[in-house]
Amino acid sequence: MATPSAPRTTIKVGTRRSALALRQTELVIETLQRAHPHLTFEVHAMATMGDRDKTTPLPALGKGLWTSELEAKLASRELDVVVHSLKDMPTSLPAGCVLGCVTAREDPRDVVVFSKAHQEAGKFKTLKDLPQGAVVGTSSVRRAAQLRSKYPGLVFRDVRGNIETRLRKCDEEGFDAIILAAAGLLRLNFGERIAQYLDSNTEGGGLLHAVGQGALGLEVREDDQEMKELLKAVEDTPTMIACFAERSVMRTLEGGCSVPIGVETAWLEEEEAGQKKRKLRLRAVVVSLDGSQSVDGERIEEIDSLAQAEAMGKELARKLAGMGAQQILDDINKGRASGAALKVGDA
Ligand SMILES: NCc1[nH]cc(CCC(=O)O)c1CC(=O)O
């Protein structure tokens, strides 16, 4: 079907139905509406496979479990744009669909949330305060694998569900703490539950976050120039460039499977020959499932374009692969091929 010649006056915005997805969509529409007051934005919310199937381990559900149904509606023109948590978007999109823009990022870090009882008692401030055998909930291989090596005394247990469900399980089902993304908690006004932020500098043992965590990805049809133009009003270019670098690391390393990769990006101001230069620092880690092996590295480069960001991510991924990450990934893929079910998935 050809692109309609008259510009659209109503924009159909697709989203998942979770409270977080709806809140994120509302935030995007607020900004779009301010930039384009003449347009009407309609929210079309639907459940995806990841929302419906709450028991199959996430890696077994395959890629696109949070996105495929929405992308089908985008391709068939029932939707004009889809708002995703960028970290739930596969690094390769279906033919005809593209990542049209990335908006301003919420805090990308992972955080520790203690159970209500612990929070009220006030005894524990950080993960390292927890006693031997304490139970920490996470539904993410990346989180569990990184934390296992740094906190060998802790027991990691799967906890699935949307943010409200996980918080309830944390409080009622015998967990001492759970690990969540700061972004989701902050956007849903649960910020007061955040006890500790985890990053590469965390004292006692840190954690690199998921690719794209805290950012929103707006997906459009590749041939929809009109929609791409409209989205320029909500694009955050530095975030988009950083996220393209992160996604490139993942795309280069994954080879068909979701794997435990953590990343961290930062824009640094550096003086060089009397000139201020903005450089992107990209850190990444690949961990074995049990946390016993890990390979990490970083690059700092002057980056001005998405293509340069992708090249940078690829370079870092190749360096890590050569340093042993490939072996770790091959072992994980072998385990999956032989049917060894993973306990936790990277949600
Ligand atoms: N897969 C679940 C998911 N997808 C996006 C977020 C949080 C928001 C974000 O990371 O952008 C979460 C919850 C979590 O991991 O705590």
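The buried residues of helix 6 pack against strand 5, strand 7, strand 8, strand 11 and strand 12. This is a predicted model. Helix 6 makes a good entry point.

**Helix 6 and the loop before it**

Helix 6 covers residues 141-150. Seven of its 10 residues are buried, so "mostly covered" is a fair label given the cut-off of 20 or more other C-beta atoms within 10 Å. The buried set is Val 141, Arg 142, Arg 143, Ala 144, Ala 145, Gln 146 and Leu 147. An α-helix has 3.6 residues a turn, so residues three or four places apart point the same way.

Ser 139 sits in the loop that links strand 6 to helix 6. Is Ser 139 buried or exposed? Ser 139 is buried, because 22 other C-beta atoms lie within 10 Å. Ser 139 and Phe 156 are 17 residues apart along the chain, and their C-alpha atoms are separated by 9.2 Å.

**The five-stranded sheet**

Strand 5, strand 7 and strand 8, named above as partners of helix 6, belong to an open sheet of five strands. The strand order is 7-6-8-5-9, and the pairing is mixed. Strand 7 (155-157) and strand 9 (196-198) are the edge strands; each has a single partner strand, so one side of each lacks a neighbour in the sheet. Neighbouring strands here are turned by 30° against each other on average, direction ignored.

Strands of a sheet pair through backbone hydrogen bonds, either parallel or antiparallel. The table lists pairings from this sheet, with one opposed residue pair for each.

| Strand pair | Sense | Bridges | Opposed residues |
|---|---|---|---|
| Strand 6 and strand 8 | parallel | two bridges | Gly 137 and Ile 178 |
| Strand 5 and strand 8 | antiparallel | five bridges | Phe 114 and Ala 177 |
| Strand 5 and strand 9 | antiparallel | three bridges | Asp 110 and Leu 198 |

How many residues of strand 5 are buried? Five of its five residues are. In a regular strand the side chains alternate between the two faces of the sheet. In strand 5, Asp 110, Val 112 and Phe 114 point one way. Val 111 and Val 113 point the other way. Both sets are buried.

Helix 7 (residues 163-172) lies across strand 5 (110-114), strand 6 and strand 8. Helix 7 runs at about 165° to strand 8.

**The three-stranded sheet**

Strand 11 and strand 12, also packed against by helix 6, are part of another sheet. Three strands form this open sheet, in the order 11-12-13, with antiparallel pairing. Which strands stand at the edges? Strand 11 (261-272) and strand 13 (294-301) do; each has a single partner strand, so one side of each is left without a neighbour in the sheet. Neighbouring strands of this sheet are turned by 15° against each other on average, direction ignored.

Strand 12 (residues 275-287) runs antiparallel to strand 13, with eight bridges joining the two. Val 285 stands opposite Asp 296 in strand 13. Helix 11 (residues 306-337) packs on the sheet and touches strand 12 and strand 13. The direction of helix 11 makes about 170° with that of strand 13.

**The nonpolar core**

The largest nonpolar core has 84 residues. Val 249 and Val 286 have the most contacts inside this core. What does Val 249 touch, leaving aside its neighbours within four places in sequence? Its contacts are Val 211, Ile 261, Val 263, Ala 284, Gly 313, Leu 316 and Ala 317.

**The whole chain**

The secondary structure comes to 11 helices and 13 strands. The radius of gyration is 20 Å, close to the 20 Å that the globule rule gives for 347 residues, so the chain is as compact as a globular protein of that length. Along its principal axes the C-alpha trace spans about 65 × 55 × 45 Å. Of the 347 residues, 44% count as buried. Among contacts with a separation of 6 or more, 72% join residues 24 or more positions apart.

The chain is divided into domain 1 (10-103 + 216-235), domain 2 (110-198) and domain 3 (242-337). The centres of domain 1 and domain 2, taken over C-alpha atoms, are separated by 28 Å. Their contact takes six residues from domain 1 and eight residues from domain 2.

Note on methods
Residues numbered from 1 in each chain as written. Predicted model: local features only at pLDDT ≥ 70, side-chain atom pairs only at ≥ 80, totals over all residues. Helix = DSSP H or I, 4+ residues; strand = E, 2+ residues; numbered from the N terminus. Rg over C-alpha atoms; globule rule 2.2 N^0.38 Å. Buried ≥ 20, exposed ≤ 12 C-beta atoms within 10 Å, placed from the backbone. Contact = placed C-beta atoms within 7 Å. Pairing = 2+ DSSP bridges. Axes fitted to C-alpha atoms, helices over the stretch in contact; angles between N-to-C directions. Core = buried A, V, L, I, M, F, W, Y, C linked by C-beta atoms within 7 Å. Domains from an automatic or database assignment.
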